[in-house]
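Here are my notes on this model. Please read them beside the coordinates.

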Amino acid sequence: MRVGVFLLSAQFPGQSHAQALDRTVAAAVAAERAGLDAAWLAEHHFVPYGVCPNAATLAALLLGRTRRLQLGTAVSVLSTAHPVALGEQAALLHLTAGGRFTLGVGRGGPWIDLAVFGTGVAAYEEGFAERLDLLLAFLRGSRVRADGPQFSFPEVSVVPRAAEPGRPPRGAELADWLGLPGEPPLRFPRQRTEPGSAAGARGGPVGPPVIVACTSPASVRLAAERGLPMLLGMHSGDEDKRAMLTAYRTAWRAAGRGEEQLARVEREHVAAGVAQIADRSPAARAVLLRSMPGWFEYGLGAHRTVDGRERRMRDPYAYTELLCDLHAVGTPRQCADRLLATAERTGIRRFALLAEGSGEQDGTLHNIARLGAEVLPQLS
């Protein structure tokens, strides 16, 4: 099992933007020290729910602050980004960070962002497939052109080429290439990687891994048809995850893809969740119920739709209670049991866990340290 942190750069009431971002940077460094597998970074615009507007840019900073940790976007929003520009960023990070970057992409929402960045509501409602295909064409080829309703341009060379033959530098070679000392000052515990996983079984030229946020049957089908793993949201319980995995397999086979490749890709699905650890379960829940409802109300309530359409927001307190019920909230043993139960029921073995639910930097770093020291050893 591979466990990472999910960092939204959440601005809790009373905090500045700088405080939220500083907590994110400190949390990613703490995740590496704790032996976690990855840090997954969210991006949002114009709302305090998350104050990072470009997850790939923040990933670049954190790749420079860490040595082993995988960095992923969860997600980069394709509805407001040019796929080729995002592909260039992803290729650059893939090649310069020794393959430690994963590009997560999603459709986003019908927010005012679409008007600000000029892509329009059609990019959200109808354009995701075209945008994803153009991104994949850039990341997997040597030349790219477009002739679609959203993008039309003549063929150009892919530079830098993420799928260039030859392996990106790793380990000591990467340290030498970056001009860093050959031996890191600290040795970090490593999580076990399953034999045959995509991370260890890639052969030939390959670019950065791409993962798709799936919240609807259409996005599940799109991910399966493109052969890409899914990122499943925090609101999904185990039964919801199982239903989406069943739909994914159906779409995969309908697209004529093979079973061996399906087994490899399914090891790369990621489930987002929440982790809050305390000596007693009520204490863990109390931390989140004290802080998260205010953040949800303050942060999610700031969203504006692009065309004035009505939107309904979950009750913040009830949503927090739901997350406590669904995820790894409680004692270390309870948290481990919760993750193991999800893995057993769904087959998902990669997790991105929101660890900043307390809203406090010290509390977040302590929570991450306990996740690494007291929960991970029970997942072996």
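Which residue of E9 is the bridge partner of Ala 213? Leu 231 is that partner. The rest follows in numbered points.

1. Basis. This is a predicted model, in which local features need pLDDT of at least 70 and side-chain atom pairs count only at pLDDT 80 or more, while totals for chains, interfaces and linings use all residues. Residues are numbered from 1 along each chain as its sequence is written, and side-chain values use heavy atoms, leaving out hydrogens and water.

2. Strand E8. Helices (H or I, at least four residues) and strands (E, at least two) are DSSP runs, numbered from the N terminus. E8 covers residues 210-214. Four of its five residues are buried (under 20% relative accessible area; exposed is over 50%, partly exposed in between; 1.4 Å probe, protein chains only).

3. Partners of E8. Strands pair if DSSP finds at least two bridges between them. Strand E5 (residues 101-106) runs parallel to E8, joined by three bridges. Gly 104 has Ile 211 of E8 as its bridge partner. E8 also pairs with strand E9 (residues 230-232), again in the parallel sense and over three bridges.

4. Crossover. E8, helix H9 (residues 217-225) and E9 form a right-handed β-α-β unit. Right-handed means that, with the strands pointing away from the viewer, the path from the first strand over the helix to the second runs clockwise.

5. Helix H1. H1 has 17 residues (17-33). Its end C-alpha atoms are 25 Å apart, which agrees with the 24 Å expected at 1.5 Å a residue (1.5 Å times one less than the number of residues). Its buried residues include Ala 20, Arg 23, Val 25 and Glu 32. The buried residues of H1 pack against strands E1 (2-7) and E2 (38-41), and against helices H2 (55-65) and H15 (361-375). Just after H1, Gly 35 takes a positive phi of about 85 degrees.

6. Gln 378. Gln 378 sits in the segment after H15. Is Gln 378 buried or exposed? Neither: Gln 378 is partly exposed, because its relative accessible area is 25%. Leaving aside neighbours within four places in sequence, Gln 378 is in contact (heavy atoms within 4.5 Å) with Pro 332, Arg 333, Ala 336 and Leu 340. Gln 378 and Leu 340 are 38 residues apart in sequence, and 9.2 Å apart C-alpha to C-alpha.

7. Polar contact. The side chains of Gln 378 and Arg 333 share a polar contact of 2.6 Å (N or O atoms within 3.5 Å; within protein, one must be able to donate a hydrogen and the other to accept it, and residues adjacent in sequence count only if both atoms are side-chain atoms).
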